[in-house]
Amino acid sequence: MTGWTSARSILIWVGLAFAIGAPILLAATSEQLAWRGPVYILAGFAGIIALGLVLVQPLLIGGYLAPLSAYRGRRAHHWIGGALVIAVVIHVAGLWITSPPDMIDALTYASPTPFSPFGVTAMWAIFIVALLASLRRRLELRPRTWRLIHMPLAIVIVVGSVVHCLLIEGTMETISKAVLCAAVLAATIKAMIDLQVWRKRRALRGEGVERQ
């Protein structure tokens, strides 16, 4: 690993820690926590952590978190996906315990709050991806088929999660929340562009070998 690569890797890790850690720490100092019960607080922080995990996913699959190898990055992507599901379940379950009528409205897309449908849609997309990932071998999904399914769902997860977060006026501090959301969007777009370019180069190399 060269000096520039090492410095770049350190900056990425520091930026990741700041993007996720700052919103959590600032939310912990919010005055609104004084009016919330422990279950509601747990649900809220589970939601913040879930958004942080959404940021980690494209960084892993894009290979930006050195010194993790491509194989370890993919394995970590799988396990972080499981942690994301758990965080979402805690988030939803906690809100259900504190206010079942509101959650029923949200899950049935009948809630008057503008952020609810985005969060619920992202939640279902996360569950679908997790279910298909667990059944991928049994369903014998080829890599190309898996990408065609996973990519649109990943976009739904990212966009839904970011809009859901931005529309909520709660314990999260505004600037740190905006930075985290911007980082999620930037990392996702970067990873998708890079992976698409890499696949095109690989396809062109394959065509060149066939012609030879």
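**Exercise 1. Determine how confident the predictor is in this chain, and which helices mark its extremes.**

Solution. In this predicted model, the chain has an average pLDDT of 90, and 90% of the residues score at least 70. Next, consider the elements of the chain. The highest mean pLDDT, 97, belongs to helix α5 (residues 116–134), whereas helix α8 (residues 174–211) has the lowest, 79. Where pLDDT is low, predicted coordinates should not be read in detail.

**Exercise 2. Decide whether Gln57 is buried or exposed, and list its contacts beyond its sequence neighbours.**

Solution. First, locate the residue: Gln57 is part of helix α2 (residues 38–61). Second, apply the cut-off: buried means under 20% relative accessible area. Gln57 has 11% relative accessibility, and therefore counts as buried. Third, leaving aside neighbours within four places in sequence, Gln57 contacts Ala76, His77, Ile80 and Gly81.

**Exercise 3. Carry out the analysis for Ala87, and state how far Ala87 lies from Ile48 in sequence and in space.**

Solution. Ala87 is found in helix α3 (residues 70–98). Its relative accessible area is 7%, so Ala87 is buried. Setting aside neighbours within four places in sequence, Ala87 is in contact with Ala46 and Ala50. Ala87 and Ile48 are separated by 39 residues in sequence, and their C-alpha atoms are 8.9 Å apart.

**Exercise 4. Describe the largest cavity and the character of its lining.**

Solution. The count gives one cavity of 30 Å³ or more. The largest cavity holds about 40 Å³ of space. Its lining consists of Leu60, Gly63, Leu65, Leu68, Ser69, Ala70 and Gly73. Sorted by type, these lining residues comprise four nonpolar, three polar and no charged.

Technical notes
Residues are numbered from 1 along each chain as its sequence is written. This is a predicted model: local features need pLDDT of at least 70, side-chain atom pairs count only at pLDDT 80 or more; totals for chains, interfaces and linings use all residues. Side-chain values use heavy atoms; hydrogens and water are left out. pLDDT is the predictor's confidence in each residue, from 0 to 100. Helices (H or I, at least four residues) and strands (E, at least two) are DSSP runs, numbered from the N terminus. Buried means under 20% relative accessible area, exposed over 50%, partly exposed in between (1.4 Å probe, protein chains only). Contact means heavy atoms within 4.5 Å. On a 1 Å grid over the protein atoms alone, a cavity is a set of points where a 1.4 Å probe fits but cannot get out, and a pocket is an open set with protein on both sides within 12 Å along at least five of seven lines; lining residues have an atom within 4 Å of a point. Grid points are joined across faces, edges and corners, and a volume is the space filled by probe spheres set on the points. Ala, Val, Leu, Ile, Met, Phe, Trp, Tyr, Cys and Pro count as nonpolar, Asp, Glu, Lys and Arg as charged, and the others, Gly among them, as polar.
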